[in-house]
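Let's walk through a structure together, one question at a time. Keep your viewer open as we go.

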Amino acid sequence: MLSVEENGLVTQIEGNAPCGNLLRNYWHPLALTEELTASRAAKAVKIMGEDLVLFRDDKGEYGLIDRRCPHRGADLCFGRLEDGGIRCPFHGWLFNVDGICLEQPAEPRESNFRKKIKIQSYPCQEINGIIFTYMGLGKAPALPHFDCFVAPESHSFAFKGYLECNWLQAVEVGIDPSHASFLHRYLKDHDPEYGLQFGGMSGDSEVTMTSVLRNHVCPDIKVEENEFGMRLITTRKMNRESMHVRVTNLVFPNLIVIPMTNDMCISQWHVPIDDKYSWWYAIFTAFDDEIDKEAMRN
Ligand code: FES
Ligand SMILES: [Fe+2]
């Protein structure tokens, strides 16, 4: 069992915490693309304990900058999206996606003061329904060529959920194969009243996933460490001839990739909001037919 100090070391991310500094070396999901499609594309976000504003400028570029204006602390998420940036609603200082102050309208014309102002900014990249950010030092690395990033948009469906636990608690649940036999099981194979999750067939068998989970509550779990993190191989012996195998890939530090059916996998990240709370982001990736996003949403 972890001591309180050890637990803090691997879960706490705010300020200059070592775990936060480690996580910042990776791209993380920040928002769903659809969260910014309103007529005014600016939104307050919190990630790694930092209060920031995410916006899309008039050229369509994403910016992630400090939420508080450095002048008098006004909230930039109420800013105006115009003139190549976001303009503070209080005195009109204008910031671009790099956090550079482009204008200070009330300063004398000859003033150079704006050149001394630079607020925190982080690069963003939008892909398959999610806007990602890199909060580490130096130049951002390229996003890896994972299936969820290289699949066409038509074969991807992104989703998010708010979790009242820290990022590592969520990762632990994400890789835990045995809870599925209780949390994700239904007493009937087809149960529209309670939901249809796991109602599909297991592989090419005639058995629904929910019945596999319902009837095999004590799976065998093997853990392999490998170059990307670790892989759990969970088996449920269904009968003499067949065995259900679930593969869970944990891509260090917080991405979990699980093949769900023969032609779909889920990639899910658990991203710290602060030391206590986290967002769950997921991209479902289809390898065969396009995804019916409306059906997925419902
Ligand atoms: S508070 Fe933002 S410009 Fe004054
Ligand atoms: Fe689950």
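Two strands count as paired if DSSP finds at least two bridges between them. Please keep in mind that this is a predicted model.

Q: In what order do the strands of the open four-stranded sheet run?
A: The pairing in this open sheet is antiparallel. Strands β5 (80-82) and β8 (101-103) stand at its edges, each with a single partner strand, so one side of each is left without a neighbour in the sheet. The order is β5-β6-β7-β8.

Q: Which residue is the bridge partner of isoleucine 86 in β7?
A: Strand β6 covers residues 85-87 and strand β7 residues 94-95. These two strands pair in the antiparallel sense over two bridges. In β7, isoleucine 86 is partnered by phenylalanine 95.

Q: Glutamate 82 forms a salt bridge with which residue, and is that partner buried or exposed?
A: Glutamate 82 has 25% relative accessibility, so it counts as partly exposed. Its side chain meets that of arginine 87 at 2.6 Å, N to O. Both belong to a salt-bridge network that also includes Asp83 and Glu103. The partner, with a relative accessible area of 8% and therefore under the 20% cut-off, is arginine 87, which is buried.

Q: How many residues apart are arginine 24 and glutamate 50?
A: A salt bridge of 2.6 Å (N to O) joins the side chains of arginine 24 and glutamate 50, and both residues are buried. Arginine 24 sits in the loop between α2 (18-23) and β1 (27-32), while glutamate 50 belongs to strand β3 (residues 50-56). The pair thus links distant parts of the chain, at a separation of 26 residues.

Q: How many salt bridges does a search of the whole structure find?
A: One of them joins arginine 67 and aspartate 75, at 2.7 Å from N to O. Arginine 67 is partly exposed at 21% relative accessibility, whereas aspartate 75 is buried at 11%. For the whole structure, the search gives 13.

Q: At what distance do His179 and His184 coordinate the iron ion (ligand 2)?
A: Each histidine binds through its NE2 atom. Histidine 179 counts as partly exposed because its relative accessibility is 22%, and histidine 184 is buried because its value is 17%. The coordination distance is 2.1 Å.

Q: How far apart are the end C-alpha atoms of residues 27-133?
A: An unreviewed UniProt entry annotates this span as "domain: Rieske". The span is 0% helix and 42% strand. Its end C-alpha atoms lie apart by 5 Å.

Notes:
Residues are numbered from 1 along each chain as its sequence is written. Chains are lettered from A and ligands numbered from 1 in the order in which they are written. This is a predicted model: local features need pLDDT of at least 70, side-chain atom pairs count only at pLDDT 80 or more; totals for chains, interfaces and linings use all residues. Side-chain values use heavy atoms; hydrogens and water are left out. Donors are N, O and S atoms within 2.8 Å of the metal (3.2 Å for Na, K and Ca); water is not among the atoms, so sites may look incomplete. Buried means under 20% relative accessible area, exposed over 50%, partly exposed in between (1.4 Å probe, protein chains only). UniProt positions are given in the numbering used here, feature names are shortened, and annotations may be inferred rather than shown by experiment. A salt bridge is a side-chain nitrogen of Lys or Arg within 4 Å of a carboxyl oxygen of Asp or Glu.
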